[in-house]
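Hi,

Here is the structure I said I would pass on. Have a look at it first, and my notes are underneath.

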Amino acid sequence: MSYAPPDAAVFIERVAADPCCAAITGEEGLDEALESRAPVIFMLRGNGLSLAPLVRQIHAADKLVAVHVDLVGGLRADRASVEWLAGAGVDAVISSHGQLMPAIRHGGMTAIHRLLLVRRSQLDTAVSAIGRSAPNIVEILPGVLLPSVVGMMPRFDVPVLAGGFVRTEAEVHAILSAGALGVTTSSQALWGTMSA
Amino acid sequence: MPEPNGPPRLPSILIASDGHHTVNAPPDLDAGVLVRDTDLATLVHRAASDCPPQAVDIDSVAGLGSDDYALDFVTGRLAIPIVLTRRPQLAGRAAARGNIGLLHVFAYDSTGLRRSLEGHPRSAGVGSVVTPGLVILHLREDELAAIPRPILAYGLIDTVEDARACLAVADAIVIRPGLAAKLAAELVGAGARG
C-alpha cells in the first residue's frame, strides 16, 4: 500500500506542538534529527533521486519530512519532480516557485512557499506571488529577521515558518512572538526544545 | 562620493534610487546615490544630470547587458565608479580597471551564505554586497570574516537604529532617501547640541 501524507492541517498541528524543526543538508545531521524531539525534518540539500530510504527512516521515527525541491540535487523544480517526491513518500515540499504549489497540493502533500526577504521594495511583489500561489505554509528567510520586518508585511492567511540564522532560544522566542508557527534551524541544540 | 584625483572610494551610505527622481545626498553625510531597478535610458539621463550616481546595480538595469561592453559604458562613458553585480567575473573586471566591483552575496541562511561565497573572486578591489543587509547584525564573527571587504549591507535597513548598527559592522549601507534625511537631521541635531 502506498504512503499517504497527512493533511496540511495535521502537518501544521505537528509543527505547532513542537515548533523547532530540524533543517538538515542531506544525510548530515540525520541521526541527530531522528533522535531529537523535532516533529518535522526539513531536507534542504542531498540527493533528491535517492530519498526514499531516508524518508522511510524518518517516518519510522514518527516524524514528518519536508524536502526543498529547488535545492536538493538531481531534480529540476517542476511538476515531474514534485510527482517524484510524492512517490518517495515526502510529506511536504518547499519551493520558491509559486507555480508549483498547486502540483504539490494535488499530490496530497503540504505546499510550503519560500519567501526570501531581499528588500522592502520587493516585499509587495513577493507577497502578491504568495497570494496567487495559495500555499499551505509560507517559509520566510532569513527567519531571524522576522521580528524586525513583521511590521512591513501584511498578515498572511496561512501559517508562517521562519528559517535562516536562527541560533538561540531568544531568537526562537522572538520569532514565535512575532506570530510564526515555528522555525526551521540547523542548530541541533534547538531541535525539539520548544514543546507546547 | 566622487574622487576626481584618486581611486574611487565607497561612501559609508548609498541612497537607493530608481533614477526617475532627483536624489541628492545630504551634505552632512558621507553618502552617494545608488541607481537600481531602472532602465538604460533613465540611467543615462541620471548620469548626465547635476546629481549623478556613484553606484549602479548593473544587473537590475533593463536593457543593459552584463558584459565588458556594458561595464565600459557604465564606468567610462557614464563615469559611475561603483558597480554592483551578481556576476563574479564582471565584479573582478570592474576592479581590475580601477573601479570598485561589489559582488552580491546572498545571506538567507548559513548554508546559502557559504555557497554564495564559493564563487567570489576574492581579488583586490572586489568587495561584497550582503543581501539582505540587515542580516549582517546576526552573522557570527567567522561568517563575517569570510566575506571579502568592503562589505555593503543592502536591504531591509529601515530605521536609524538599524542603520547605525549595520554601519558598525559593514563598511557601507544602502538606505532609502527618507532614512538618509533622518540620519542627516540627527547628525545636524547632535552637532548643534554638542
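Below is what I found, starting with the barrel in chain B and ending with the contact between the chains.

Keep in mind that this is a predicted model.

The barrel first. In chain B, eight strands close up in the order 1-2-4-6-7-8-9-10, with parallel pairing. From one strand to the next, the twist averages 25°. If you want to see where strand 1 meets strand 10, look at residues 13–17 and 172–175 of chain B: the two strands run parallel and are joined by three bridges. Within that pairing, Leu14(B) sits opposite Val174(B) of strand 10.

Next, a helix pair in the same chain, B: helix 2 (residues 68–77) packs against helix 3 (residues 88–96) with the axes 11 Å apart and an angle of about 40° between them. Because of that angle, helix 2 of chain B counts as oblique to helix 3 of chain B. The crossing of these two chain B helices is right-handed. Which residues meet there? Helix 2 of chain B brings Asp68(B), Leu71(B) and Thr75(B), and helix 3 of chain B brings Leu90(B), Arg93(B) and Ala94(B). Sorted by class, this helix contact has three nonpolar, two charged and one polar residue.

Finally, the two chains. How many residues of chain A are in contact with chain B? There are 17 from chain A, and they touch 13 residues of chain B. On the chain A side, the residues split into 10 nonpolar, five polar and two charged.

Cheers

Note on methods
Residues are numbered from 1 along each chain as its sequence is written. Chains are lettered from A and ligands numbered from 1 in the order in which they are written. This is a predicted model: local features need pLDDT of at least 70, side-chain atom pairs count only at pLDDT 80 or more; totals for chains, interfaces and linings use all residues. Two residues are in contact if their C-beta atoms, placed from the backbone, lie within 7 Å. Ala, Val, Leu, Ile, Met, Phe, Trp, Tyr, Cys and Pro count as nonpolar, Asp, Glu, Lys and Arg as charged, and the others, Gly among them, as polar. Axes are lines fitted to C-alpha atoms, for helices over the stretch in contact, and angles run from 0 to 180 degrees between N-to-C directions. Helices (H or I, at least four residues) and strands (E, at least two) are DSSP runs, numbered from the N terminus. Angles under 35 degrees count as roughly parallel, over 145 as roughly antiparallel, 65 to 115 as roughly perpendicular and the rest as oblique. A crossing is left-handed if the near helix is turned anticlockwise from the far one by less than a right angle, and right-handed if clockwise. Two strands pair if DSSP finds at least two bridges between them.
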